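These are my notebook entries on a structure that I had not examined before. I set down each item as I looked it up.

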Amino acid sequence: MQEKKIFVIGGGASGFFAAINSAINFPDCKVVILEKTNNLLSKVKISGGGRCNVSNNTFDNSELVKYYPRGEKELRQVFSQFSVTDTIKWFNDRGVKLKTESDGRVFPESNLSKTIIDLFLSEAKKRNIEIKLNEEVLSIKKSEKLILTTKKNKFTTDKVICCVGGFHQSKYYEFLKILGHTVTEIVPSLFTLNIKKDEITNLMGLSVKNGVIKIVGTKFKIEGAILITHWGFSGPAVLKLSAFAAYEFFKSNYNLNVSISWVNNLNVEEIAQKLKSFSAEKQLIANSPKFEIPKRLWEYLLVKSGINLKKHWNEISKKEINNFAKNLFDDVYYVLGKTKFKEEFVTAGGVSLKEINFKTMESKIFSGLYFCGEVINVDGITGGFNFQNAWSTAWVAAKNN
Ligand SMILES: Cc1cc2nc3c(=O)[nH]c(=O)nc-3n(C[C@H](O)[C@H](O)[C@H](O)COP(=O)(O)OP(=O)(O)OC[C@H]3O[C@@H](n4cnc5c(N)ncnc54)[C@H](O)[C@@H]3O)c2cc1C
């Protein structure tokens with residue numbers, strides 16, 4: 001009988017995970033990885049600042065899916081088959097110990113992405129996975145079997161797992177569109193915000209733990225830490241907003257107003273009320289910041305509200321209180337462009353979620369073709385969620401032959 005073949009397109013995170021698990025599940029099948037470049041696992045190498053943030057300790061799947069602006073509903077079916085717990089066990093069983101940092105991010109204990117790369121390369125070798133470099137797949141066709149065409153070769157196979165990752169241009173998905181697949185609009189996600197020249201950027205490096213950032217005139221609103229940078233704003237809340245509102249930012253060409261509340265959990269009236277309650281105090285207002293706001297930011301907001309830094313609490317007028325409360329609650333900045341976040345960036349958009357069966361990761365349009373990783377219209381926020389998507393979807397795609 002002829003040997004069954006499984007071809008994996010793409011030698012990145014999801015490609016290797018799919019190939020290794022296919023070889024584990026079907027030891028009698030021939031597993032081949034076709035990689036377009038002459039580099040393997042290049043994103044894994046630079047990921048997490050060279051430390052590879054492999055996952056996040058969000059063990060409850062109904063919580064986990066909330067970190068995916070696109071794919072929340074569909075990933076439930078995937079994580080119920082291969083979860084964060086399964087991921088940690090998978091690596092542990094193969095001698096790679098993982099550790100969790102205080103913010104929930106999971107890394108190899110070695111703090112080196114090389115540990116993950118070495119594991120994948122040695123597992124691939126151990127399981128006789130053939131790796132072919134400089135083989136860009138240009139088309140997938142079907143006759144009796146599936147036929148993959150690259151510039152140099154034609155390969156016949158029984159199953160194809162497509163793990164080509166995310167691109168900034170949709171032309172790289174052309175070979176999938178020809179099959180009838182829809183590729184949703186590709187736009188950047190996970191970026192920091194540049195703002196129109198403003199003195200607040202002199203406070204670069206300062207951050208507020210419990211802020212709120214929203215896009216003016218929309219429903220997009222994220223709570224969390226906000227960091228002031230020399231070009232604008234960054235920090236977890238900003239990155240999360242960039243992911244959830246990726247299409248809103250794109251639509252505006254990254255020119256829109258954001259409003260920051262430096263005080264979480266209080267509305268403008270409540271902030272004004274609190275400020276009034278300090279008016280019996282005798283200290284300089286500038287010297288007694290409230291709401292855990294750093295002193296220099298507090299002074300900046302006082303000046304912005306027209307309050308003299310030499311004023312004491314018992315000298316503040318009602319108008320000044322209202323101005324100050326407004327700036328503490330609704331401090332508006334004009335966004336002028338974005339900057340790549342150096343630790344992690346991904347693209348929103350990819351193969352339409354409606355065209356994939358998430359129980360198996362098989363295409364609903366072209367049988368025998370499976371998808372995993374960033375090629376799908378799924379993306380997560382920063383924190384290890386993008387790799388978790390790569391591992392879980394790859395594991396499911398590797399389940400059936
Ligand atoms: C700087 C940076 C840091 C990151 N850090 C983290 C992190 O710490 N944690 C986290 O969770 N996520 C991180 N990410 C995101 C994460 O790297 C990706 O989500 C993940 O690599 C996606 O894996 P993938 O296998 O789907 O795609 P990729 O890793 O992009 O792999 C796709 C592969 O397919 C190949 N290919 C493409 N087209 C073809 C073709 N036609 N034929 C053959 N081969 C093809 C490509 O050359 C590539 O090797 C980071 C991303 C970047 C850019």
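**Entry 1. A loop residue with positive phi**

I began with Leu41, which lies in the loop between β2 (30–34) and α2 (42–50). I noted that the model is a predicted one. I looked up the backbone of Leu41 and found phi near 50 degrees, a positive value in a residue other than glycine. I then asked whether Leu41 is buried or exposed. Leu41 has 1% relative accessibility, so I entered this residue as buried; the cut-off for that word is under 20%.

**Entry 2. A second positive phi**

I turned next to Phe291, whose phi is near 55 degrees, again a positive value in a residue other than glycine. I located Phe291 in the loop between α10 and α11 (295–304). Its relative accessibility is 22%, and therefore I recorded Phe291 as partly exposed.

**Entry 3. The whole protein**

I then stepped back to the overall description. I counted 13 helices and 21 strands in the protein. Along the principal axes, the C-alpha atoms fill a box of roughly 90 × 40 × 35 Å. I also looked up burial for the chain as a whole: of the 401 residues in the protein, 52% are buried.

**Entry 4. Two helices that cross**

I examined helix α10 (residues 268–277) against helix α12 (residues 318–329). How do their axes cross, and within what distance do they come? The axes come within 9 Å, and the crossing angle is roughly 130 degrees. Because of this angle, I described α10 as oblique to α12. For the handedness, I wrote down that α10 passes α12 in a right-handed crossing.

I stayed with helix α12 to look up Glu320, which lies in that helix. Glu320 has 12% relative accessibility and therefore counts as buried. I compared its position with that of Gly180, which is 140 residues away along the chain. The C-alpha atoms of Glu320 and Gly180 are separated by 62 Å.

**Entry 5. Arg127 and Ser22**

I looked up Arg127 and placed this residue in the loop between α6 and β6 (130–132). With a relative accessible area of 27%, Arg127 is partly exposed. I then checked how far Arg127 is from Ser22. The two are 105 residues apart in sequence, but their C-alpha atoms are 9.8 Å apart in space.

**Entry 6. Helix α6 and a nonpolar patch**

I went on to helix α6 (residues 113–126), where Leu121 is found. Leu121 has 35% relative accessibility, so I listed this residue as partly exposed. Which residues make a nonpolar surface patch with Leu121? I found that Ile131 and Leu133 join Leu121 in a patch of about 200 Å².

I also looked up a charged pair in helix α6. Lys114 and Asp118 are four residues apart in this helix, which means that about one helical turn separates them. Lys114 forms a salt bridge with Asp118, and their closest N and O atoms are 2.8 Å apart. I recorded Lys114 as exposed because its relative accessibility is 52%, the cut-off being over 50%. For Asp118 I found 36%, so this partner is partly exposed.

**Entry 7. Further salt bridges**

Why might such pairs form? I noted as background that side chains of opposite charge can pair when their charged atoms come close. I then asked how many salt bridges the count comes to. My entry for the total is 23 salt bridges.

I looked up Glu63 and found a salt bridge with Lys66, the closest N and O atoms being 2.9 Å apart. Glu63 has 32% relative accessibility and is therefore partly exposed. Lys66, with a relative accessible area of 44%, is partly exposed.

I next examined Glu130, which forms a salt bridge with Lys132; here the closest N and O atoms are 3.1 Å apart. I entered Glu130 as partly exposed, because its relative accessibility is 29%. The relative accessible area of Lys132 is 24%, so I entered Lys132 as partly exposed.

Beyond such pairs, I looked for salt bridges that share partners. Which residues do they join into one network? I wrote down Arg51, Lys99, Glu101, Asp103 and Arg105 as the residues joined in this way.

Notes. Residues numbered from 1 in each chain as written. Predicted model: local features only at pLDDT ≥ 70, side-chain atom pairs only at ≥ 80, totals over all residues. Heavy atoms only, no water. Patch = residues over 30% accessible without salt bridge, like charges linked within 9 Å, V, L, I, M, F, W, Y side chains within 5 Å. Areas by Shrake-Rupley, 256 points an atom, 1.4 Å probe, with all protein chains shown as cover. Salt bridge = Lys/Arg side-chain N within 4 Å of Asp/Glu carboxyl O. Helix = DSSP H or I, 4+ residues; strand = E, 2+ residues; numbered from the N terminus. Buried < 20%, exposed > 50% of the residue type's maximum accessible area, 1.4 Å probe, protein only. Axes fitted to C-alpha atoms, helices over the stretch in contact; angles between N-to-C directions. Parallel < 35°, antiparallel > 145°, perpendicular 65-115°, else oblique. Left-handed = near helix turned anticlockwise from the far one by under 90°.
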